[in-house]
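Here are a few exercises on helix packing, each with a worked solution. Try each one before reading on.

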Amino acid sequence: MNIKTIVIATAFLLGGTFAFAESVHLPQAVEHTKTAITHGEAGHAPMLVQHALTALTHAEASEKAEANTHTEEGITHLKAAIDVGKKGDAAGGTTHAKEALKHLELASQPKK
């Protein structure tokens, strides 16, 4: 096997790994954002923060796998939801989480 074949095979395998990372992490980010919203609407700021942090971890992993402007915007709003939620403002955190959810769902749509 020559070096060119090895390089091409490695690139192919890594490309598939990154696509898999995006496909796994983005749905998890959406689900945890939804849970953060549910807790925020119930006035549970600490639980909103907990789920927004988990959503942020997944969104950042997805963004690392494949850059997307909607994922970036979702990350920005998740960070804002966390900051506001840490101050005890469940309503404000929920507002940012809802905005994050819009962008994460847009990022989840199939590419055309």
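**Exercise 1.** At what angle do the axes of α2 and α3 cross, and within what distance do they come?

*Solution.* A word on the source: this is a predicted model, where local features need pLDDT of at least 70, side-chain atom pairs count only at pLDDT 80 or more, and totals for chains, interfaces and linings use all residues. Residues are numbered from 1 along each chain as its sequence is written, and side-chain values use heavy atoms, leaving out hydrogens and water.

Step 1: take the axes, which are lines fitted to C-alpha atoms, for helices over the stretch in contact, with angles from 0 to 180 degrees between N-to-C directions. Those of α2 and α3 come within 9 Å and cross at roughly 155 degrees.

Step 2: α2 is therefore roughly antiparallel to α3 (the cut-off is over 145 degrees).

Step 3: look at the contact (heavy atoms within 4.5 Å). Among the residues making it are L48, A52 and L56 of α2 and I75, L78 and I82 of α3.

**Exercise 2.** Which helix gives the largest share of the largest nonpolar core?

*Solution.* Step 1: such a core is a set of buried Ala, Val, Leu, Ile, Met, Phe, Trp, Tyr and Cys residues joined through side-chain atoms within 4.5 Å; buried means under 20% relative accessible area (1.4 Å probe, protein chains only).

Step 2: of its 20 residues, those touching the most other members include L48, A52 and L78. The answer is α2, with 6 residues.

Step 3: zoom in on A52, which is buried. Not counting residues up to four places away in sequence, A52 touches A36, L78 and I82.

Key: Buried < 20%, exposed > 50% of the residue type's maximum accessible area, 1.4 Å probe, protein only. Helix = DSSP H or I, 4+ residues; strand = E, 2+ residues; numbered from the N terminus. Parallel < 35°, antiparallel > 145°, perpendicular 65-115°, else oblique.
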